[in-house]
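Work through the exercises below with the sequence and the coordinates at hand. Each task is followed by a stepwise solution.

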Amino acid sequence: MKLNLIKISQLIIMVLTISTLFGCYNKEEFKRKIKDGWDEVHASTKLKGDFCYYVGDVKFPYTDEPILEDDIQWDIWNKGKLSKTLPLFAEIGLLTREPVEGHPELYHYEVTELGEKYRYQDIDRTGPRPIYENSFCYGQIVVGDVTDVEKNEYTRAKGYSYNQTNFYVTYNYHVINVPDWVLNSENKLNAIYEPITVSLPEKTYRDVVTFYVGKGDKLYENSIHYKLIKPITSSSSE
């Protein structure tokens, strides 16, 4: 009888310990925090959606520029990207594409009215010249249920140089506001962009958010942001 009481006491202590470790970090709490994170993203950015296809460093209107012998590697990579992305989005209807008179191998591009509706441009002026990073964005993530919570502790006792507790939270989501230009060009987009394929409105997807436990057991995260999808390139250095 005494042995059973001891086992019951140990079980109660174990349950209380687990409850203390997780505190209020239940699945509903994590879902609320993830939803709040996406709401903040939607309220604080000028993006036209949560999924953005990166076009390249390009200032519109733009005319094709051939690769030159004295081009730096960045320019070579960028022109390589543009040779794939510009014709694609012209075919989709977000850009116009007209041949340059006297130079049939070159084309002139401008953003269409539909393209402006979904285009996001970020101008980086920190370098020797401005970089015009252009993307076409679509869709809004709607947070669903949290399906899994994994807790990891990194401590000096385990060989790490710091003490840190992380929660890796897996959740489901679906996507709304997917425009026709995405739906009608699913295969074309998937052929050029990776690793994220076109998100369809009738499907459920899964993602993971990392939360860090700070002072006072407060949770922090910095991984909820729009998903930048880059074109497939021949070099992993890009």
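Helices (H or I, at least four residues) and strands (E, at least two) are DSSP runs, numbered from the N terminus. The model is predicted: local features need pLDDT of at least 70, side-chain atom pairs count only at pLDDT 80 or more, and totals for chains, interfaces and linings use all residues. Residues are numbered from 1 along each chain as its sequence is written, and side-chain values use heavy atoms, with hydrogens and water left out.

**Exercise 1. Find the cis peptide bonds and place their prolines.**

Step 1. The bond from F60 to P61 is cis, with omega near -5°. P61 sits in the loop between β1 (51–57) and β2 (62–63).

Step 2. E194 and P195 are also joined by a cis peptide bond, with omega about 0°. P195 belongs to the loop between β9 (193–194) and β10.

**Exercise 2. Examine the positive phi values of N177 and D217, and state whether each residue is buried or exposed.**

Step 1. Most residues other than glycine have a negative phi, and most peptide bonds are trans.

Step 2. N177 has a phi near 60° and lies in the loop between β8 (164–176) and α5 (180–183). Buried means under 20% relative accessible area, exposed over 50%, and partly exposed in between (1.4 Å probe, protein chains only). N177 is exposed because its relative accessible area is 53%.

Step 3. For D217, phi is near 60°, and the residue is in the loop between β10 and β11 (219–220). D217 counts as exposed because its relative accessibility is 52%.

**Exercise 3. Describe the surroundings of K79: is the residue buried or exposed?**

Step 1. K79 is part of helix α3 (residues 73–92).

Step 2. The relative accessible area of K79 is 13%, so the residue is buried.

Step 3. Contact means heavy atoms within 4.5 Å. Neighbours within four places in sequence aside, K79 touches E65, P66, I67, L68 and D71.

**Exercise 4. Characterise the pairing of β5 with β6.**

Step 1. Two strands pair if DSSP finds at least two bridges between them. Strand β5 (residues 119–124) and strand β6 (residues 131–138) run antiparallel and are joined by six bridges.

Step 2. D124 is opposite I131 in β6. The two strands, β5 and β6, make a hairpin with six residues between them.

**Exercise 5. Trace the aromatic pairs.**

Step 1. Rings of Phe, Tyr and Trp (its six-membered ring) pair if their centres lie within 6.5 Å; planes under 30 degrees apart count as stacked, over 60 as edge-to-face and the rest as tilted. The whole structure holds 13 aromatic pairs.

Step 2. One of them is the tilted pair of F30 and F211, at 5.2 Å centre to centre and 50° between the planes. This pair links distant parts of the chain, 181 residues apart: F30 is in helix α2 (residues 27–44) and F211 in strand β10 (residues 205–213). Both F30 and F211 are buried.

Step 3. Ring pairs also connect F51, Y53, F89, Y118, F136, Y138, W181 and Y193 in a cluster.

**Exercise 6. Decide which residues 2–22 details to read, given the pLDDT.**

Step 1. pLDDT is the predictor's confidence in each residue, from 0 to 100. The protein has a mean pLDDT of 87, and 87% of its residues reach 70 or more.

Step 2. Over residues 2–22 pLDDT stays under 50, and the model has five contacts beyond four places in sequence for them.

Step 3. Where pLDDT is low, the predicted coordinates should not be read in detail.
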